[in-house]
Amino acid sequence: MTIPVLYAGSGILLFFIGLHALLIRRHLLRKIIAANIMGSGVFMVFIALGARGDSAVADPVPQVMVLTGIVVSLCFTAVAIALAVRIHNLTDCTTLAADEESSID
Amino acid sequence: MTELLTLLLLLASLPFFLAGTLGLLRFPDLYCRLHAVTKADNLGLGLVVMALLFQADSWRQIVHLLLTWLLVLVAGATVAHLIARKARDDGHQYWRR
Amino acid sequence: MSTFYLGLALILLLTISIGLVRVLRGPTATDRMLAAQLFGTTAVAILLLLGQATDSPAIRDVALIIALLTAIAAMTFVRRIDIDKATETQGQNSHD
Amino acid sequence: MIHPGPIFDLILMTTLITLAWLLLAGKDLFRAVVLFISFGLLTALAWVRLGAPDVALAEAAIGAGITGALLLVGLGKLGSAERCRRTVRPATALQRLTPAVLIAVIIPSVAVILLLELRQLKTISFGQQKLVLSLLDISGTDHPVTAVLLNFRAWDTLLEKGVLLLALTGIWSLDQAHPLFHQEPLSPVLKGLSQLYLPILIIVSGALLWQGSYAPGGAFQAGALLSAGILLAALGGRSLPSYWPGLPLRLLASCGLLVFLLVTALTLLTNELPLNYPQELAAVLILLIEIFATVAIAVILAAAVAGGHPAERHKHHSPSPEKKP
């Protein structure tokens with residue numbers, strides 16, 4: 001097993017740990033963190049696959065994609081937190097539950 | 001010669017980092033742990049920086065290293081103060097034997 | 001020599017891994033924040049060593065940025081007092 | 001003697017995975033946020049080990065500053081209790097079974113299949129590295145990542161600026177910004193630190209921006225650092241002048257995208273392909289885009305932490321109805 005494969009494997013594990021928590025945990029902020037960890041896993045797979053050359057520097061193309069990805073996931077985090085705060089202000093809830101009755105008020 | 005100095009300084013830094021972590025884990029209350037974190041580790045980092053100064057090959061690198069250490073020192077001191085102040089305001093109990 | 005730098009970086013990484021126990025154990029939010037502060041300092045040391053081992057100035061830049069920014073999380077924490085009150089009781093219930 | 005490098009990688013990955021598991025599994029949300037900040041630090045170490053210092057810089061600049069602030073502010077507003085006033089209708093058997101099957105069977109099996117697939121991977125592959133290096137001369141920059149970011153794949157970066165602006169629009173449409181920090185007597189030390197750090201942050205961010213043309217660094221890293229500076233100023237008790245939140249703020253937030261679009265339009269005039277810079281102008285155009293992108297990113301990220309649109313001072317149109325504070 002080579003080092004990039006170790007990192008790529010860990011990235012896959014991180015992704016699924018995040019996905020698992022995203023489905024199971026109820027607090028919205030924790031779901032947001034879980035999605036961030038999924039993102040980190042994906043980035044790690046990308047960079048690890050680009051690090052298989054024999055030079056000290058990884059392939060620039062996956063690096064750029066991950067840089068863009070980091071910006072987008074930061075945007076996601078900011079908007080998701082704003083949405084969660086909005087939901088909290090309107091309904092006093094910090095969770096989402098699809099199987100709960102929709103009529104409040 | 002410089003290699004040896006670097007080596008010795010790096011080895012000397014190790015006990016400080018270990019002490020910092022040990023203190024963080026084993027000290028009985030927040031105020032004690034504050035010491036371990038913000039004193040021992042900053043000294044350890046100082047020794048690492050000093051060790052690497054002997055290996056630096058340009059002035060830019062020397063300034064860079066010293067600036068890094070200085071920033072960590074200032075941040076460590078400030079955070080220690082702020083956290084201690086907040087802990088006192090929150091009514092954290094002092095540890096007594 | 002670079003093997004030695006890496007070896008030292010490895011030991012420092014181990015101290016971070018062990019120090020995480022304090023974040024897990026708490027017991028209060030302030031304790032956790034303090035432990036996170038420690039990791040910043042140690043991570044700076046690791047990065048400086050890695051930078052020396054591979055002789056890459058960019059890694060020193062990463063160290064500088066972390067040195068600049070570790071204070072910010074702790075400062076945000078200190079200035080938002082209600083977080084602590086909100087989690088204090090929960091933190092104590094969930095452990096020990 | 002065993003080389004410490006692979007052991008370092010192994011321990012780093014073990015710690016990261018354990019950390020991810022613990023922070024997602026625990027009960028205390030504040031603990032999760034602090035662990036996530038540490039997670040970001042360790043991820044930066046991983047990028048360094050993988051030879052991706054640009055990504056490490058970005059991770060350090062946002063992970064240590066903005067992400068932590070975003071999550072802490074969000075946690076302060078939401079509180080860590082899982083609560084809902086709504087009455088819960090009991091789920092049907094099928095509704096309960098579907099997620100259980102998904103979680104217990106599908107996720108682990110897909111993970112295992114993917115992990116097994118990794119064995120098929122070629123151990124050595126250069127990807128696009130050689131192509132990028134061979135085209136570096138005509139790109140207008142000496143750093144491969146910047147060349148790809150702002151020349152070869154400049155479309156992506158243009159759209160990324162759009163995403164940033166869109167995110168800010170989304171946040172502004174949801175809420176009005178409340179004061180971020182409590183009014184309280186400030187520790188003079190906090191004020192002093194913010195005064196000391198602000199110039200350093202601005203200088204380092206400028207250096208990173210400039211450095212992007214020949215070494216790891218660039219607009220996003222510089223912008224993230226600058227936004228941490230704005231946050232720091234706010235932490236030190238400063239507030240913006242009252243005329244600021246109107247047009248100036250909106251212009252600064254959108255200038256990154258606007259300048260990028262302008263350059264795109266200009267390249268369309270001289271060339272049939274958009275964002276295909278004339279070779280002798282490439283360096284200037286890239287620097288121009290990066291300077292404005294830095295400012296825009298800094299303003300957008302700082303405004304995102306504030307978490308809502310600024311209060312309307314000049315009443316141009318009727319503001320959104322007042323909500324409970």
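Reader: Hi! Where is His27(A) found?

Author: Hi! His27(A) sits in the loop between α1 and α2 of chain A. Helices here are DSSP runs of H or I with at least four residues, strands are runs of E with at least two, and both are numbered from the N terminus. Before we go on, this is a predicted model, where local features need pLDDT of at least 70 and side-chain atom pairs count only at pLDDT 80 or more, while totals for chains, interfaces and linings use all residues. Residues are numbered from 1 along each chain as its sequence is written, chains are lettered from A and ligands numbered from 1 in the order in which they are written, and side-chain values use heavy atoms, with hydrogens and water left out.

Reader: Thanks! Is His27(A) buried or exposed?

Author: His27(A) counts as buried because its relative accessibility is 1%. Buried means under 20% relative accessible area, exposed means over 50%, and partly exposed is in between, using a 1.4 Å probe and protein chains only.

Reader: Which residues does His27(A) touch?

Author: Leaving out residues up to four places away in sequence, His27(A) touches Thr94(A) and Thr95(A) in chain A, plus Leu29(D), Leu78(D), Gly79(D), Ser80(D), Ala81(D) and Glu82(D) in chain D. A contact means heavy atoms within 4.5 Å. A polar atom of the His27(A) side chain also lies 3.1 Å from the backbone nitrogen of Leu29(A).

Reader: Chain D keeps coming up. How many residues does each of chain A and chain D put into their contact?

Author: Chain A puts in 76 residues and chain D puts in 90 residues. The area buried between them is about 7,900 Å², with 74% of that from carbon and sulfur atoms. Buried area is the accessible area (1.4 Å probe) that two parts lose on being put together, summed over both. On the chain A side, Tyr7(A), Arg30(A) and Arg52(A) lose the most area to chain D, together 9% of what that side buries.

Reader: And how many salt bridges are there between chain A and chain D?

Author: The count is 0 salt bridges. A salt bridge is a side-chain nitrogen of Lys or Arg within 4 Å of a carboxyl oxygen of Asp or Glu. There are 6 residue pairs in polar contact between chain A and chain D, both residues being at pLDDT 80 or more. A polar contact is a pair of N or O atoms within 3.5 Å; within protein, one must be able to donate a hydrogen and the other to accept it, and residues adjacent in sequence count only if both atoms are side-chain atoms.

Reader: Which element gives the largest share of the side of chain A that touches chain D?

Author: That is α3(A), with 25 residues.

Reader: What is chain D built from?

Author: Chain D has 11 helices and 0 strands. Of its 325 residues, 52% are buried. Among contacts in chain D with a separation of 6 or more, 74% join residues 24 or more positions apart.

Reader: New topic! How many disulfides does the whole structure have?

Author: The search finds 0 over all chains. A disulfide is a pair of cysteine sulfur atoms within 2.5 Å. For Cys75(A), which is in no disulfide, the nearest cysteine sulfur is that of Cys255(D), 15 Å away. Cys75(A) counts as buried because its relative accessibility is 6%. Cys255(D) counts as buried too, because its value is 12%.

Reader: Now chains B and C. How many salt bridges are between chain B and chain C?

Author: There is 1 salt bridge between chain B and chain C. Arg33(B) forms a salt bridge with Asp31(C), and the closest N and O atoms are 2.2 Å apart. Polar contact joins 5 residue pairs across these chains, both residues at pLDDT 80 or more. α1, α2 and α3 (59–90) of chain B each give two or more residues to the side that touches chain C, and α3(B) gives the most, with 14 residues.

Reader: How much area do chain B and chain C bury between them?

Author: About 3,800 Å², with 76% of it on carbon and sulfur atoms. Leu24(B), Leu25(B) and Lys86(B) supply 16% of the area that chain B buries against chain C, more than any other three residues.

Reader: What covers the buried residues of α1(B)?

Author: The cover includes α2 (30–53) of chain B, together with α1 (2–25) and α2 (29–54) of chain C. Among the buried residues of α1(B) are Leu14(B), Phe17(B), Leu24(B) and Leu25(B).

Reader: Last one: what is the phi of Asp55(C)?

Author: Phi of Asp55(C) is near 50°, a positive value in a residue other than glycine. Most residues other than glycine have a negative phi. Asp55(C) is in the loop between α2 and α3 (57–79) of chain C.
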